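This briefing gathers what can be said about the strands, the buried core, the aromatic contacts and the internal space of one protein model. Please read it alongside the sequence and the coordinates.

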Amino acid sequence: MKIICIGRNYAEHAKEMNSAIPTEPVFFLKPDTALIKDNQPFYYPDFSKEIHHEVELVLKISKPGKNIDSKYAHKYYDEIGIGIDFTARDIQSKCKEKGLPWEKAKAFDGSAPIGQFIDKKKLIDLDNINFHLTINGIVIQKGNTKDLLFTFDAVIAYVSKFITLKTGDLIFTGTPEGVGPVRIGDKLEAFIENEKLLNFEIK
Ligand code: MG
């Protein structure tokens, strides 16, 4: 399986990163070795001094597809979850300065913790999903899918032009504003609406 991540999909986050608002989706990949499941801890890596959290809704692809039309894209995912797109911001800044790829900053081991998935039918309106991240019990990031620059369906259509989607692939759909550093000892909890789906510690 593969993990596809959408960058700059919320305008306020693009602004806080001093990035342009994209006119088409920006995406990058993480390998399966990035996954953390079952609320296992994240071990702070020694190659970075600035690991940032990016809380994101995650789509689980339910059947293979290529060149998917956006009007049929909803048929390619049944479950939605929440995850963290951990980013070594110090390394990413250096990559960006030099115009180099971001993989070192984005695709490292443990950079993609994911929580439980829920049936999307449980969510009344996919264009109005609230989600948030708390650190040590304090709300740090809050988002709503009404602010997506590219909807779930638009993202699936776009990505599948370039890369065949397979069952079990995950799409991280972008982070809202409020990204920032995590520290050893932090407890992260992520929620869709008021349901806690992810809960782990930085070690
Ligand atoms: Mg992200």
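Six of the eight residues of β6 are buried, so this strand is largely enclosed by the rest of the structure. The model is a predicted one, and the points below start from β6 and its partner strands before turning to a buried residue of β5, a helix, a three-stranded sheet, the aromatic rings and a cavity.

**β6 and its partners**

- Strand β6 spans residues 77-84 and β5 spans residues 55-61, and the two pair in the antiparallel sense over seven bridges.
- Within this pairing, Ile 61 has Tyr 77 of β6 as its bridge partner.
- β6 also pairs in the antiparallel sense with strand β9 (residues 118-119), here over two bridges, and in that pairing Ile 80 stands opposite Ile 118 of β9.

**Leu 57 in the core**

- Leu 57, which has its place in strand β5, is buried, with a relative accessible area of 0%.
- Leaving aside residues up to four places away in sequence, Leu 57 touches Ile 80, Gly 81, Ile 82, Ile 129, Phe 131, Thr 145, Phe 152, Ile 171, Phe 172, Thr 173 and Ile 192.
- One of these contacts, Ile 171, is 114 residues away from Leu 57 along the chain, yet the C-alpha atoms of the two are separated by 8.3 Å.

**Helix α4 and what covers it**

- In helix α4, which runs over residues 152-162, the buried residues are Phe 152, Val 155, Ile 156, Ala 157, Tyr 158, Val 159 and Ser 160; Phe 152 is also among the residues that Leu 57 touches.
- The cover over the buried residues of α4 includes strands β1 (3-7), β2 (26-30), β5, β6 and β12 (170-172).

**A three-stranded open sheet**

- Three strands form an open sheet in the order β7-β4-β13, with antiparallel pairing.
- Because β7 (87-88) and β13 (180-181) stand at the edges and each has a single partner strand, one side of each is left without a neighbour in the sheet.
- Strand β4 (residues 51-53) pairs with β13 in the antiparallel sense over two bridges, and His 53 has Gly 180 of β13 as its bridge partner.

**Aromatic rings and charges over them**

- The structure holds ten aromatic pairs, and ring pairs link Phe 42, Phe 47, Phe 86, Phe 108 and Phe 200 into a cluster.
- Lys 63 lies over the face of Tyr 76, at 4.8 Å from the ring centre.
- The charged end of Lys 120 sits over the ring of Tyr 77, 4.2 Å from the centre of that ring; Tyr 77 is the residue of β6 already named as the bridge partner of Ile 61.

**Internal space**

- Rolling a probe the size of a water molecule over the atoms shows where empty space is left.
- The count comes to one cavity of 30 Å³ or more, and the largest cavity has a volume of about 120 Å³.
- The lining of the largest cavity is made up of 17 residues, of which Gly 7, Arg 8, His 13, Glu 54 and Lys 106 lie nearest its centre.
- Both β1 and α2 (89-98) supply at least two residues each of the lining of the largest cavity, and the largest share, three residues, comes from α2.

Note on methods: Residues are numbered from 1 along each chain as its sequence is written. This is a predicted model: local features need pLDDT of at least 70, side-chain atom pairs count only at pLDDT 80 or more; totals for chains, interfaces and linings use all residues. Side-chain values use heavy atoms; hydrogens and water are left out. Two strands pair if DSSP finds at least two bridges between them. Helices (H or I, at least four residues) and strands (E, at least two) are DSSP runs, numbered from the N terminus. Rings of Phe, Tyr and Trp (its six-membered ring) pair if their centres lie within 6.5 Å; planes under 30 degrees apart count as stacked, over 60 as edge-to-face and the rest as tilted. A charge sits over a ring if NZ of Lys or CZ of Arg is within 6 Å of the ring centre and within 35 degrees of the ring normal. Buried means under 20% relative accessible area, exposed over 50%, partly exposed in between (1.4 Å probe, protein chains only). Contact means heavy atoms within 4.5 Å. On a 1 Å grid over the protein atoms alone, a cavity is a set of points where a 1.4 Å probe fits but cannot get out, and a pocket is an open set with protein on both sides within 12 Å along at least five of seven lines; lining residues have an atom within 4 Å of a point. Grid points are joined across faces, edges and corners, and a volume is the space filled by probe spheres set on the points.
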